[in-house]
Amino acid sequence: MGGVDSSLKTIESAPEQTDKLKELYGQVLYRLERYDECKSVYTDLIRNSQDEYEEERKTNLAAVVAAMSQWEKAPTEDLGLPESTYELCYNAACSLIGQGKLTEALNKLQQAEELCRVSLADDSDMTEEDIQSELAVIHSQMAYVMQLQGRTDEALQLYNQVIKLKPSDVGLLAVTANNIITINKDQNVFDSKKKVKLTNAEGVEYKLAKKQLQAIDFNKALLAMYTNQADQCRKLSSSLQAQNPGHPRPVLIQVAQLCREKQHSRAIELLQQFSDQNPESASGIKLTMAQLYLVQGHVTKACDVLRSIEEFKHKPGMVSALVTMYSHEEDIDSAIDVFKQAIEHYQSEQPGSATHLALVREAANFKLKYGRKKEAISDLEQLWKQNTKDVHTLAQLISAYSLVDTDKAKSLSKHLPSADTMSFNVDVDELENSHGATYVRKKAAKVVGENPPKEQGHGEVKKKKKKKKGKLPKNYDPKVTPDPERWFPMKERSYYRGKKKGKKKDQIGKGTQGATAGASAELDASKTASSPPTSPRPGSASGSSTAPASGVVPPRQQKPSSSGATRKKAPQKKKKGGKGGW
C-alpha cells in the first residue's frame, strides 16, 4: 500500500485537478477502501463531464456501491445506474449480495452472463474457451451465492470449473480456492492443502480487499489446525491477533487448538483475558467460555458467565437455557431469579408484549411444577387480568390461593363457568368406534353360522362352568393316608438316609477307560470277524470310533500347546490402494 499512499499525496499536491487526474484519484481512493470519498469523486465526474468514458465511470461507481454494501454493510441508495452492460449488471448483483437478497442476486448474475455472451459473440476471434474465461468471475460469484443458499454441491462443482480454466486473475483464483476450502472444512484436507497454494500467489494482496485477505488468513490457520500442524496454527493465529488486536476470531482459533490438545483450563484463561481487554466484543467469547465450562461439568460457572452477557441475558432462548441448567443443578431459587429479572426487564421495556406474557406464563408453570404456589400467585394474577376468559389460568390461580387464602379462592371460584356450560354431550359408542380409540375391549360379535343358538324361553340361564377335578397320582390308594412330608424336598424328609453308595464299584476297572459295557463288547477283537486293518481318516484320532451325527455337540477347538511346533502363517500380498497392514 506504500505506493498507493504516495500516489495519493502526489495527486493531492497537484496544482490543478483535471478530469484525468480525478479519474486516477478515484482509483486510488478505491484501492485504499475510502469508499465514501471515492463515490463523491465519481458522482462529480459523471455530473460534470460528457464524453465517451461515461459508461466506464458509471461501472466504477457501481463497483464502489457494491463494495460499500459488501464490506461496510452500508445501506445502498438508488443512483439510477443502468444495467446495460454485463459489468454494470454484475456490480448490481454484488450490491444485492451485500443486502442479503440472494435469489435476486443470482437472477442478476444470470442476466450478466447472457449479456456477456451476447457482447462477445460478435467477436469472431473469441473461442468458447475465451468466453468461459471471461465468464469465470460471474460463475465464481454465482457459486458463492449458491454456497450461501446451502447448495454446496452445486457451488463446489462450479468453483472447480473456474479453477480448471486457470484464469489469469490471481485474485479470482485466490477467492475461489478459499471458498472451496471453506466447503471442505475438516474433510478432504489433502484437496484443501493444494488449493491453499493458490491463495499465496504473487500479487494477490493487490487484487483483494482487506477483509478478503483477512478471511483467507483465518482459513489458513484453521486448515493448519485441521491438519494437526499445532505449531503452525499457533504461529498463524498469534500473527493474526497482533494484526487484529480487537478481533475475537484469532483467539477462538487458539482456543480451538488448545481444546484439541485437551488444555481446557488454559483455553478458558485465554478467553477470560480477551474478554477483560475487549468488553465490546466479549459476547461471543463468553458464550464459548460457557460451553467449555459445560464440557468440564462446571454448570454453575457456565450459568454465571451467561448471566454476565448483558446483550443476551434477557433473551427468551438464554432464559430457557439458564433455567434448564439451574434445574439440572436443583437450584430452583436461581432459576426463579432468572425469570424474575427477565420479566422485570420486559415489564419496563415491552409491557404486555407476546415475549413478556410468554415469560410470565413459563415462570408460573415452573413455580407450580416445583411446588412454589405462593410465588406463582402474582404471575397467575397478571395473566388472568390480561385475559379473564382464560379458565385454565383461573383454575391454577384458585389452586394456588387455596393454600394461602381460602376466602380469596372461594371468591375467585365465582368466576368459573357453571357446570351446565362445561358439560359435553358425548356419544360413548361413537367415541369407542372412532379412529383414535385404542385398547378398547369390545364384546365379541355373535357369529351367525350353521348352528344358531337354541331358544331358551323367557329367561336365559347362564351355564356354570364345571370345575375340572385335579389329577391324582397313578399309585394313589384312597385307603392309605398320604405322606405328610410329601411337599418337602427329599433331603429334608425325616426318613431320608442319603444315596446308596458302592452300587457300581464292581464295574470299575473292567473294560476300556471311558467306555460302557456295551462299547467294550464291540471293541473285543475275539468277538468280531477278522478283517484287514483300515488306515485312519485325516483329522481323526488313530483307532477311535466315530460318534453318531445326531445329538452330539461338536468339539471346541483347542489352542496349540506352547511346547508344540506351530505352523507359520504365509505372508499375504499388500493390496494396492489400501491403507497399510497385512
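Here are some notes on this predicted model, going from the whole protein to a few helices and single residues.

1. **The overall picture.** The protein has 25 helices and zero strands. Of its 582 residues, 31% count as buried. If you look at contacts with a separation of 6 or more, 47% of them come from residues 24 or more positions apart.

2. **Helix α11 on its own.** A good place to begin browsing is α11, with its 17 residues. At 1.5 Å a residue these should span 24 Å, and the end C-alpha atoms lie 25 Å apart, so the expected and modelled spans agree. The buried residues here are I216, F218, N219, K220, A221, L223, A224 and M225. They pack against α9, α10 (189-195), α12 and α13. Just after the helix, N228 takes a positive phi of about 60°.

3. **Helix α13 on its own.** This helix covers residues 248-260, which makes 13 residues. From first C-alpha to last it reaches 19 Å, close to the 18 Å expected at 1.5 Å a residue. P250, V251, I253, Q254, V255, Q257, L258 and C259 are its buried residues. The elements that cover them include α11 (210-226), α12 (230-243), α14 (264-277) and α15 (283-295). After α13 comes K262, with a positive phi near 65°.

4. **How α11 meets α13.** Which way do these two helices run relative to each other, parallel or antiparallel? Their axes come within 10 Å and cross at roughly 0°. Angles under 35 degrees count as roughly parallel, so α11 is roughly parallel to α13. On the α11 side, the residues in the contact are F218, A221, L222, M225 and Y226, and they meet R249, P250, I253, A256, Q257 and R260 of α13. Sorted by class, this contact has eight nonpolar, one polar and two charged residues. F218, A221 and M225 also appear among the buried residues of α11, while P250, I253 and Q257 appear among those of α13.

5. **How α13 meets α14.** Here the axes come within 8 Å and cross at roughly 170°. Angles over 145 degrees count as roughly antiparallel, and α13 is therefore roughly antiparallel to α14. From α13, the contact uses P248, V251, L252, Q254, V255, L258 and C259; from α14 it uses H264, R266, A267, L270, L271 and F274. The residues divide into 10 nonpolar, two polar and one charged. V251, Q254, V255, L258 and C259 are also among the buried residues of α13.

6. **N179, a buried asparagine.** If you would like a polar residue to click on, try N179 in helix α9 (residues 170-184). Is N179 buried or exposed? Its relative accessibility is 10%, and buried means under 20%, so N179 counts as buried. Its side chain is joined to that of N178 by a polar contact of 3.3 Å. Leaving aside neighbours within four places in sequence, N179 is in contact with Y144, Q147 and Y159.

7. **V28 and what it touches.** V28 sits in helix α2 (residues 19-31). With a relative accessible area of 8%, V28 is buried. Which residues does V28 touch, not counting those up to four places away in sequence? They are V4, S7, L8 and I11. For S7, the C-alpha to C-alpha distance to V28 is 7.4 Å, with their positions 21 residues apart in sequence.

8. **A363 in α19.** Further along the chain, A363 is part of helix α19 (residues 354-369). Its relative accessible area is 0%, so A363 is buried. A363 and I336 are 27 residues apart in sequence, yet their C-alpha atoms are 7.1 Å apart in space.

9. **Positive phi in two loops.** Please also have a look at E33 and K166. E33 is not a glycine but has a positive phi of about 60°, and is found in the loop between α2 and α3 (35-48). K166, likewise a residue other than glycine, has a positive phi near 50°. K166 belongs to the loop between α8 (152-165) and α9. With 67% relative accessibility, K166 counts as exposed.

Conventions. Residues are numbered from 1 along each chain as its sequence is written. This is a predicted model: local features need pLDDT of at least 70, side-chain atom pairs count only at pLDDT 80 or more; totals for chains, interfaces and linings use all residues. Side-chain values use heavy atoms; hydrogens and water are left out. Helices (H or I, at least four residues) and strands (E, at least two) are DSSP runs, numbered from the N terminus. The expected span of a helix is 1.5 Å times one less than its number of residues. Buried means under 20% relative accessible area, exposed over 50%, partly exposed in between (1.4 Å probe, protein chains only). Contact means heavy atoms within 4.5 Å. A polar contact is a pair of N or O atoms within 3.5 Å; within protein, one must be able to donate a hydrogen and the other to accept it, and residues adjacent in sequence count only if both atoms are side-chain atoms. Axes are lines fitted to C-alpha atoms, for helices over the stretch in contact, and angles run from 0 to 180 degrees between N-to-C directions. Angles under 35 degrees count as roughly parallel, over 145 as roughly antiparallel, 65 to 115 as roughly perpendicular and the rest as oblique. Ala, Val, Leu, Ile, Met, Phe, Trp, Tyr, Cys and Pro count as nonpolar, Asp, Glu, Lys and Arg as charged, and the others, Gly among them, as polar.
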